[in-house]
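Please open the model in your viewer and keep the sequence beside it, since this tour moves from one selection to the next and says what can be found at each stop.

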Amino acid sequence: MKKNLTDLALAFLRISMSAMMLTHGIPKIERLFSSPIEFGDPIGVGPTLSLILALIGEVVAPIFIILGYKTKLAAIPAAITMFVAAFVVHLQDDFGTKEKALLYLIGFVVVFLAGPGKYAIDTKK
């Protein structure tokens, strides 16, 4: 019984957290089609590539995590995106401002370490 609750908890964590992340990523999609692209360049790779990387971390990876497909691999760009948000974009901000990015970072690191659980495409044979 304990294993079933652990798998259910992992499914709840990865699905709920990733679904909430999509609310930050999906609105950024329209920026990809604006000209010129107006997006920050926190790591010095240019605004277009920064936006593409953010979309991978905030849209593509969370969709994979929700489905439980390549979950551990998908958690990496999501966690990196939140690391950059917390420690680069909001470095000088107060803790309350960077707290959301840190919570997402912690959640995606847990998903990476623990895996998707049995309620995922990854575990279906």
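Helices here are DSSP runs of H or I that hold at least four residues, and they are numbered from the N terminus. With that naming in hand, and bearing in mind that this is a predicted model, begin by selecting Lys70, which lies in the loop between H2 and H3. The phi angle of Lys70 is near 50°, which is a positive value in a residue other than glycine. Lys70 has a relative accessibility of 43% and therefore counts as partly exposed, because the partly exposed class lies between the limits of 20% and 50%.

From this loop, step back into helix H2, which covers residues 47–67, and select Glu58 within that helix. Is Glu58 buried or exposed? With a relative accessibility of 8%, Glu58 counts as buried, because buried means under 20% relative accessible area. Now show the side chain of Lys28 as well, and you will find that a polar contact of 2.7 Å joins it to the side chain of Glu58. If neighbours within four places in sequence are left aside, the residues in contact with Glu58 are Met21, Leu22, His24, Gly25, Lys28, Thr81 and Met82.

Stay in helix H2 and move the selection to Ser50, which is also a buried residue, at 6% relative accessibility. A polar atom of the Ser50 side chain lies 2.9 Å from the backbone oxygen of Gly46. Beyond its neighbours within four places in sequence, Ser50 is in contact with Phe39, Gly40, Asp41, Pro42 and Val45.

Next, colour two helices at once, and think about how such a pair can be put into numbers. Two packed helices are described by the angle between their axes and by the distance between those axes. For H2 and H3 the angle is about 145° and the axes are 8 Å apart, and H2 passes H3 in a left-handed crossing. On the H2 side, the residues that make this contact include Leu53, Gly57, Glu58 and Phe64, while Ala74, Pro77, Thr81 and Met82 are among those on the H3 side. Sorted by class, the residues of the contact of H2 with H3 are eleven nonpolar, three polar and one charged.

Keep H3 (residues 71–89) selected and add H4 (residues 95–114), which packs with H3 at an angle of about 160°, again with the axes 8 Å apart. How are H3 and H4 oriented to each other? They are roughly antiparallel, because angles over 145 degrees are counted in that way. The crossing of H3 and H4 is left-handed. Among the residues that make the contact are Ala75, Ala79, Met82, Phe83 and Phe87 of H3, together with Leu102, Leu105, Phe108 and Phe112 of H4. The contact of H3 with H4 has 19 nonpolar, one polar and two charged residues.

For the last stop, follow the chain into the segment after H4 and select Ile121, which is partly exposed, with a relative accessible area of 42%. Leaving aside neighbours within four places in sequence, Ile121 is in contact with Leu67, Gly68 and Tyr69. Finally, draw a line from the C-alpha of Ile121 to that of Gln92: these two residues are 29 residues apart in sequence, and 40 Å apart in space.

Notes. Residues numbered from 1 in each chain as written. Predicted model: local features only at pLDDT ≥ 70, side-chain atom pairs only at ≥ 80, totals over all residues. Heavy atoms only, no water. Helix = DSSP H or I, 4+ residues; strand = E, 2+ residues; numbered from the N terminus. Buried < 20%, exposed > 50% of the residue type's maximum accessible area, 1.4 Å probe, protein only. Polar contact = N/O pair within 3.5 Å; in protein donor to acceptor, adjacent residues only side chain to side chain. Contact = heavy atoms within 4.5 Å. Axes fitted to C-alpha atoms, helices over the stretch in contact; angles between N-to-C directions. Parallel < 35°, antiparallel > 145°, perpendicular 65-115°, else oblique. Left-handed = near helix turned anticlockwise from the far one by under 90°. Nonpolar A, V, L, I, M, F, W, Y, C, P; charged D, E, K, R; others polar.
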